[in-house]
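Reader: Could you walk me through one part of this protein in some detail? I'd like to get a feel for what is inside it.

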Amino acid sequence: MQKILTFTIFLLTASLLSAQTDKITLSGTVSDEETGETLIGATVLIPASGEGTVTNEYGFYSLSVPQSDTTKTVVFSYIGFQKQEKTFTPNADQTINTALGTGVNLTEVVVKANSFEEQLNSTEMSVETVTTREAKLLPALLGESDILRTIQLKPGIPSGSEGSTGLFVRGGGSDQNLIELDEAIVYNPNHLFGFFSTFNTDAVKDLKLYKGGFPAEYGGRLSSVIDVKLKEGNNKKFSGQGGLGLISSRLTLEGPIVKEKASFMVSGRRTYVDIFTRQINKSNEDNPDANLIPDYSFYDLNAKVNYTLSDKDRVYISGYFGRDRFGFSNDFFNFSFDWGNVTGTARWNHVFNPRLFVNTTFTTSDYNYDIRNEITGFSFDIGSRIRDKTLKSDYYFNLDNQHTLRFGGAVTYHQFEVGRLKAGSDDGEVSFTAGQDYDGTEAAVYISDEWSPNKRLSVNGGIRISSFFNDGESFFNIEPRIASRYRLTEKMTLKASYARMNQYLHLVSSSGFALPTDVWYPSTAAVQPQSSDQIAGGFSLLLGKQFFLTNEYYYKRLDNQVDFIDGANLFANVDLEGDFAIGKGFAYGMEISIEKKEGKFTGWVGYTLARTRLGDFKTIDPLETFGQGSSYFSPRYDRRHDISVVGLYEINRRLSATASWVYGSGDLIWLPTGRFTLQDVSGADFQAVTPVYGDRNNVRLAPFHRLDVSLIIKFFPKWGESDLTLSAFNAYDRRNAFFVFLEPEFSTVDTGTGTSIEIPERVAAKQVSLFPVLPSATFNFKF
């Protein structure tokens with residue numbers, strides 16, 4: 001791969017040297033004046049000629065300008081910041097680094113800026129973004145602001161269940177999302193069994209989610225890419241922020257190591273529920289009738305440092321450490337269950353020349369879970385683990401204002417420990433070990449070109465060649481990508497895209513929920529890589545000056561989908577493949593949203609109409625059966641209707657009110673269609689009830705809906721800023737179903753021999769709901 005990249009650089013450099021000499025290149029970075037953070041997607045425009053560009057994900061821009069001795073003006077702008085104008089004479093290549101300030105009156109700046117212009121001009125479609133401001137202001141479960149939960153309020157991204165941060169994008173499973181934190185893969189982005197995400201909003205700089213039209217630099221998953229970037233750290237002055245909530249507290253510190261040259265950021269968060277439960281259990285030690293309360297806690301820590309080596313070189317090192325712990329114990333047994341992620345990123349930005357920029361990254365990722373149970377004289381340990389090491393290089397080459405090339409490659413080495421089990425007695429007489437270990441190498445190279453022949457038309461075409469090697473097996477796939485936009489008018493853009501994706505890792509889950517005990521499994525000769533083909537089309541329309549309408553339609557074909565046979569065993573299974581079934585699927589739908597980002601009242605309304613079907617499953621083991629057979633069925637996460645309404649209103653300088661309302665078709669569940677009872681004819685007290693199942697996921701639960709509200713009271717002490725956030729989750733106490741279980745109801749029958757027996761009369765479905773009205777208060781501060 002390195003030889004291919006070297007040769008590509010040689011060809012592009014030759015193209016650069018032979019390019020027209022009547023143009024010069026204007027390049028540089030755009031940053032935040034207050035913190036030094038680079039700004040992603042800032043606009044760089046030369047008004048006289050209409051030529052312009054935007055900064056990439058590293059804050060870098062490159063723009064070709066006709067050579068002349070006439071002074072020109074370039075304008076830098078970014079939503080929420082004051083525009084800045086600079087003059088230059090385009091008689092030679094120039095570097096202009098710019099820092100934008102928010103100014104005194106932020107509201108006036110926001111009203112003047114048009115935040116939708118970039119969306120109208122970009123070939124990107126099926127993309128959703130949320131700001132940390134939105135995530136912090138919107139109502140949250142128990143007051144814990146969550147940027148991943150906020151993105152679920154966008155069209156086409158329904159959650160898996162009430163209160164869960166699981167993502168099921170355009171008919172895809174929860175394993176089909178590529179989640180990256182500073183370019184390192186996060187395999188389980190959840191705390192508290194999915195009720196909170198691992199991303200501390202205070203530490204996040206930017207989040208971008210792709211639902212389709214995937215750029216060629218992304219691969220390895222079928223349904224979405226969630227790119228989360230951490231803050232770089234304030235290189236101007238020392239600062240901090242944090243919050244005190246009902247179940248956790250958090251603190252973020254950042255500042256310069258060498259002013260305007262090197263900086264750091266460290267952010268931590270921890271729950272303290274376990275502190276109270278331990279005290280309660282300790283006070284009940286002498287009460288044999290008291291129930292034992294389990295201990296639970298989670299923590300996460302983000303850290304990042306960066307150093308500017310020169311005008312052309314900058315290095316970054318960041319890491320994430322997170323863990324959940326759950327357990328309880330007494331004099332006779334000790335049970336513990338913990339899981340977590342560790343990621344690390346080392347990154348180097350280098351500017352070869354005004355047109356060629358490279359980002360080289362090395363990342364590590366480690367996810368594992370461990371369940372331990374110690375009973376007097378005996379213990380067992382169940383666990384699973386996946387570890388990655390990745391080296392990648394991404395090049396950005398501005399050939400001219402009509403062609404922007406991106407190319408690069410990546411290699412990832414995977415290590416899997418699948419379904420590990422250790423059990424034995426304390427004296428060593430009984431000992432048992434089971435499990436499977438695998439490794440595999442995933443590699444890819446790509447190239448894409450953003451071609452803009454005129455101001456109306458822009459096309460981004462690319463190709464990605466991916467591969468996977470595992471235990472003597474090898475897979476190669478070609479993944480074409482294309483996205484286009486046509487500026488029909490100044491206020492309306494038409495867009496279309498096609499993307500083929502391949503996924504070489506499979507999440508083995510025994511439930512419809514994303515649980516820590518789910519196991520990642522590599523592609524093998526029997527379990528082929530999953531693949532998808534998605535086409536999408538739609539339009540974007542600016543209504544007036546403040547409202548932005550987006551309407552998209554999509555169709556996705558899915559191949560080599562993995563499911564379980566009936567009665568499959570997930571834990572400590574030495575032949576896990578034998579319990580797999582491989583099938584196909586398809587999904588299609590429509591998404592529409594209208595958004596307002598400017599003024600005192602902001603928010604959006606989104607609606608999704610969608611359908612997902614899976615079927616044609618074949619078992620790997622010919623002796624096993626898949627009850628559904630070849631017929632198609634809807635997966636649990638198939639949601640026909642999904643609506644979200646979000647509003648944020650700045651009442652005055654000190655008060656803001658926010659609310660969100662969601663509605664969705666109920667989840668699908670698999671319930672038996674009948675039963676038969678075995679009864680001893682002799683009249684003995686023996687009976688067995690056996691359920692009879694029909695098609696999978698044959699019952700849809702009642703629709704769920706929920707209103708969340710909050711009030712933010714701001715304070716302005718001399719040392720900084722603070723606010724008190726009062727919120728109510730599920731404000732009108734809607735009892736949405738979390739899951740349903742079956743409970744037999746019995747009647748007493750006289751046998752005629754002087755005895756009576758109980759026989760099942762009917763089976764009733766009982767609903768379990770998680771959340772009533774949950775009020776919360778959080779104190780946030782910044783200095």
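Author: Let's look at the largest cavity, and then at some strands and a helix.

Keep in mind as we go that this is a predicted model. A search of the whole structure turns up nine cavities of 30 Å³ or more. The largest cavity has a volume of about 460 Å³. It is lined by 31 residues, and those closest to its centre are Glu 180, Glu 217, Lys 392, Ala 410 and Arg 464.

What is the mix of residues in that lining? The lining of the largest cavity splits into 13 charged, nine polar and nine nonpolar residues. Six strands, β10, β15, β23 (378-400), β24 (403-425), β25 (431-451) and β26 (457-470), each give at least two residues to the lining. The largest share comes from β24, with five residues.

Two of those names, β10 and β15, are worth following further. Strand β10 (residues 177-181) runs parallel to strand β15 (residues 224-230), and five bridges join them. If you want a spot to find on screen, Asn 177 stands opposite Ser 224 in β15. Both strands belong to an open sheet of five strands, in the order β9-β14-β15-β10-β11, with mixed pairing. At the edges of this sheet are β9 (127-130) and β11 (184-185), each of which pairs on one side only.

For an antiparallel pair, go to β1 (residues 23-32) and β4, which are joined by seven bridges. Here Thr 29 stands opposite Phe 60 in β4. Strand β4 (residues 60-66) is mostly covered, with six of its seven residues buried.

Now for the helix, α6 (residues 273-283). Which of its residues are buried? Asp 274, Thr 277 and Asn 281 are. They sit on the same side of α6 because they cover an arc of only 65 degrees around the axis. The general idea is that an α-helix has 3.6 residues a turn, so residues three or four places apart point the same way. The buried residues of α6 pack against β18 (262-271) and β19 (295-308). On the other side of α6, Phe 276, Gln 279, Lys 282 and Ser 283 are exposed.

One last residue to click on is Thr 612, in strand β34 (residues 601-619). Thr 612 has 3% relative accessibility, so it counts as buried. Leaving out residues up to four places away in sequence, Thr 612 touches Gly 171, Phe 586, Ala 587, Phe 633, Ser 634, Pro 635, Tyr 637 and Asp 638.

Terms used
Residues are numbered from 1 along each chain as its sequence is written. This is a predicted model: local features need pLDDT of at least 70, side-chain atom pairs count only at pLDDT 80 or more; totals for chains, interfaces and linings use all residues. Side-chain values use heavy atoms; hydrogens and water are left out. Buried means under 20% relative accessible area, exposed over 50%, partly exposed in between (1.4 Å probe, protein chains only). Helices (H or I, at least four residues) and strands (E, at least two) are DSSP runs, numbered from the N terminus. The arc is that of the directions from the helix axis to the C-beta atoms. Contact means heavy atoms within 4.5 Å. Two strands pair if DSSP finds at least two bridges between them. On a 1 Å grid over the protein atoms alone, a cavity is a set of points where a 1.4 Å probe fits but cannot get out, and a pocket is an open set with protein on both sides within 12 Å along at least five of seven lines; lining residues have an atom within 4 Å of a point. Grid points are joined across faces, edges and corners, and a volume is the space filled by probe spheres set on the points. Ala, Val, Leu, Ile, Met, Phe, Trp, Tyr, Cys and Pro count as nonpolar, Asp, Glu, Lys and Arg as charged, and the others, Gly among them, as polar.
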